[in-house]
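The following exercises concern salt bridges and strand pairing in a protein chain. Each task is followed by a solution in steps.

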Amino acid sequence: MRVLWLLGGMVLGSVLTLITGVALWLHDTGPTRNLIEVRVENRTGQDVREVRIEHGHGQVLHRPLGKGNTVALAYPAVGESSYSLIAVLEDGRELRGGAGYIERGARTREVLEPERVVSSDP
């Protein structure tokens with residue numbers, strides 16, 4: 001009888017370990033983990049006509065971004081990536097920034113100031 005309890009405990013432990021492993025694998029490789037999120041804040045004192053993120057597989061575009069507003073833009077990435085940010089202000093000037101290196105699942109913050117773009121982790 002003791003052997004059956006021991007064997008049952010081992011089987012139950014193995015099954016729970018397998019279920020936990022699959023759940024963690026799905027969480028780590030799920031579709032949201034492949035996205036890179038770029039949060040853009042407008043602190044320029046004027047509206048932004050267009051915010052564009054250019055990356056290795058295309059671009060993400062947002063029009064317009066009001067003064068003081070924030071927008072979260074996301075794009076899919078497999079492994080390592082990079083992006084450049086171009087913001088066209090209401091007066092026609094362009095502000096440029098972006099991350100030279102970023103990994104899938106990362107989140108960054110780009111703050112548009114009157115004369116520059118400040119990049120940081122959220």
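**Exercise 1.** In this predicted model, determine whether Glu37 is buried, partly exposed or exposed, and identify what its salt bridge with Arg107 ties together.

*Solution.* Step 1: the relative accessible area of Glu37 is 22%. Buried requires under 20% and exposed over 50%, with partly exposed in between, so Glu37 is partly exposed. Step 2: Glu37 forms a salt bridge with Arg107, with 3.3 Å between the closest N and O atoms. Step 3: Glu37 belongs to strand β1 (residues 35-42) and Arg107 to strand β9 (residues 107-112), so the pair ties together parts 70 residues apart in sequence. Step 4: Arg107 is itself partly exposed, at 46% relative accessibility.

**Exercise 2.** Characterise the salt bridge between Arg109 and Glu41.

*Solution.* Step 1: the closest N and O atoms of Arg109 and Glu41 are 2.7 Å apart. Step 2: this pair links distant parts of the chain, with Arg109 in strand β9 and Glu41 in strand β1, 68 residues apart. Step 3: Arg109 is partly exposed at 24% relative accessibility, whereas Glu41 is buried at 13%.

**Exercise 3.** Which strands stand at the edges of the open four-stranded sheet, and why is one side of each left without a neighbour?

*Solution.* Step 1: the strand order is β3-β2-β6-β7, and the pairing is antiparallel. Step 2: β3 (58-62) and β7 (94-97) are the edge strands; each has a single partner strand, so one side of each lacks a neighbour in the sheet. Step 3: β7 pairs with β6 (residues 83-89) over four bridges, and Leu85 stands opposite Gly97 in β7.

Conventions. Residues are numbered from 1 along each chain as its sequence is written. This is a predicted model: local features need pLDDT of at least 70, side-chain atom pairs count only at pLDDT 80 or more; totals for chains, interfaces and linings use all residues. Side-chain values use heavy atoms; hydrogens and water are left out. Two strands pair if DSSP finds at least two bridges between them. Helices (H or I, at least four residues) and strands (E, at least two) are DSSP runs, numbered from the N terminus. A salt bridge is a side-chain nitrogen of Lys or Arg within 4 Å of a carboxyl oxygen of Asp or Glu. Buried means under 20% relative accessible area, exposed over 50%, partly exposed in between (1.4 Å probe, protein chains only).
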